Amino acid sequence: MTATDTTTSTPVTLDRVTKEYWQKGRCTTALDECTLEIAAGEFFSLLGPSGTGKTTLLNLLAGFERPDSGTVRVGDREVRTAGPDRAVVFQAPTLYPWLTAAGNVAEGLRHLHLSRRDRKARALQQLSEVGLEHAAGRYPHQMSGGMAQRVGIARALAMQPDVLVMDEPFAALDAYVRREMQELAVRLQQERQVTTLFVTHSIEEALVLSDRIATMADGQVTEIFEVDSPHPRDVTSSEFNHLRRAIADRIEAGVRAERERVR
Ligand SMILES: Nc1ncnc2c1ncn2[C@@H]1O[C@H](COP(=O)(O)OP(=O)(O)OP(=O)(O)O)[C@@H](O)[C@H]1O
């Protein structure tokens, strides 16, 4: 059985989720009764300025934190802790420096109780899916930023998660490599259809990748935009310019409302 054979598609639901942080006697409401549904197999992006709750939402879905109220569900299971059904890809891939690319991917599979040989076979297959079959024996210090991020993605997908959570995974890469990584993300999504929550600051990146895009302000989703053009997308087309403008306007309206609120 190959990794591609075991595609799973599971919806994600947030129901009136609130998360507050207390610091020095002051409360910040990072998420404020936030409700959201991500369909099975959907590529869903969150966009919004700093401090609007994107990372908090991602952390709650990953199970790194618990909400103060409301529920986060993957399928019909409530998220309470981190688990292998939700794989996370961070901006900087946290690879073990003493392990090769294949070793890093295989290490992520320990919880699956596979034999060493099967872990290695799955790691090599996954590396080839992300275009790194030639680099399985390289150590992190021998990899470029793009290569390391491919290993991070391979490690996440090798776990065959129900949900992939990506926190600005391409933000630190140069424009050319970022474009390559976006193409990879589109291809993998078409092949695997893992439900994906993707956080980015780039409207263009969200337009290139997503089925739907949510704008966030003040701990809530303010609007959801559908992008139903086929891939590969020409984001310089007039249709995309129109959508880009509408999304930027929505984000700016959120920023203005926030300024008014704190005045
Ligand atoms: N651990 C924490 N302790 C205190 N406040 C926090 C903590 N984590 C987040 N916050 C606050 O909650 C709010 C939402 O933060 P969050 O990181 O979710 O926003 P964000 O949209 O992801 O921002 P960025 O784009 O900069 O990552 C912010 O006001 C932030 O300062």
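Here is a short chat between a trainee and a mentor about this predicted model.

Mentor: Residues are numbered from 1 along each chain as its sequence is written. The model is predicted, so local features need pLDDT of at least 70 and side-chain atom pairs count only at pLDDT 80 or more, while totals for chains, interfaces and linings use all residues.

Trainee: What makes α3 oblique to α4?

Mentor: Helix α3 (residues 116-129) and helix α4 (residues 145-158) pack at about 125 degrees, with their axes 9 Å apart. That makes α3 oblique to α4. Angles under 35 degrees count as roughly parallel, over 145 as roughly antiparallel, 65 to 115 as roughly perpendicular and the rest as oblique. The axes are lines fitted to C-alpha atoms, for helices over the stretch in contact, and angles run from 0 to 180 degrees between N-to-C directions. Helices and strands here are DSSP runs (H or I, at least four residues, for helices; E, at least two, for strands), numbered from the N terminus.

Trainee: Which residues of α3 and α4 meet?

Mentor: R122, A123, Q126, L127 and E129 in α3 meet A154, L157 and A158 in α4. Contact requires C-beta atoms, placed from the backbone, within 7 Å.

Trainee: Why are α4 and α5 called roughly parallel?

Mentor: α4 packs with helix α5 (residues 175-192) at about 15 degrees, and their axes are 10 Å apart. The two are therefore roughly parallel to each other. In this pair, G145, G146, Q149 and L157 of α4 meet V177, E180, M181, L188 and R192 of α5.

Trainee: Which residues are around the ligand?

Mentor: They are Y21, Q23, T28, A30, G48, S50, G51, T52, G53, K54, T55 and T56. A residue is near a molecule or strand if its C-beta atom, placed from the backbone, lies within 6 Å of it. The largest share of this shell, three residues, comes from α1.

Trainee: How many residues of each class does that shell have?

Mentor: The shell has two nonpolar, nine polar and one charged residues. Ala, Val, Leu, Ile, Met, Phe, Trp, Tyr, Cys and Pro count as nonpolar, Asp, Glu, Lys and Arg as charged, and the others, Gly among them, as polar.

Trainee: What is the phi of R16, and what is the peptide bond from H231 to P232?

Mentor: Most residues other than glycine have a negative phi, and most peptide bonds are trans. R16, in strand β1, has a positive phi near 45 degrees. The bond from H231 to P232 is cis, with omega near -5 degrees. P232 sits in the loop between β10 (220-226) and α7 (238-262).

Note on methods: Two residues are in contact if their C-beta atoms, placed from the backbone, lie within 7 Å.
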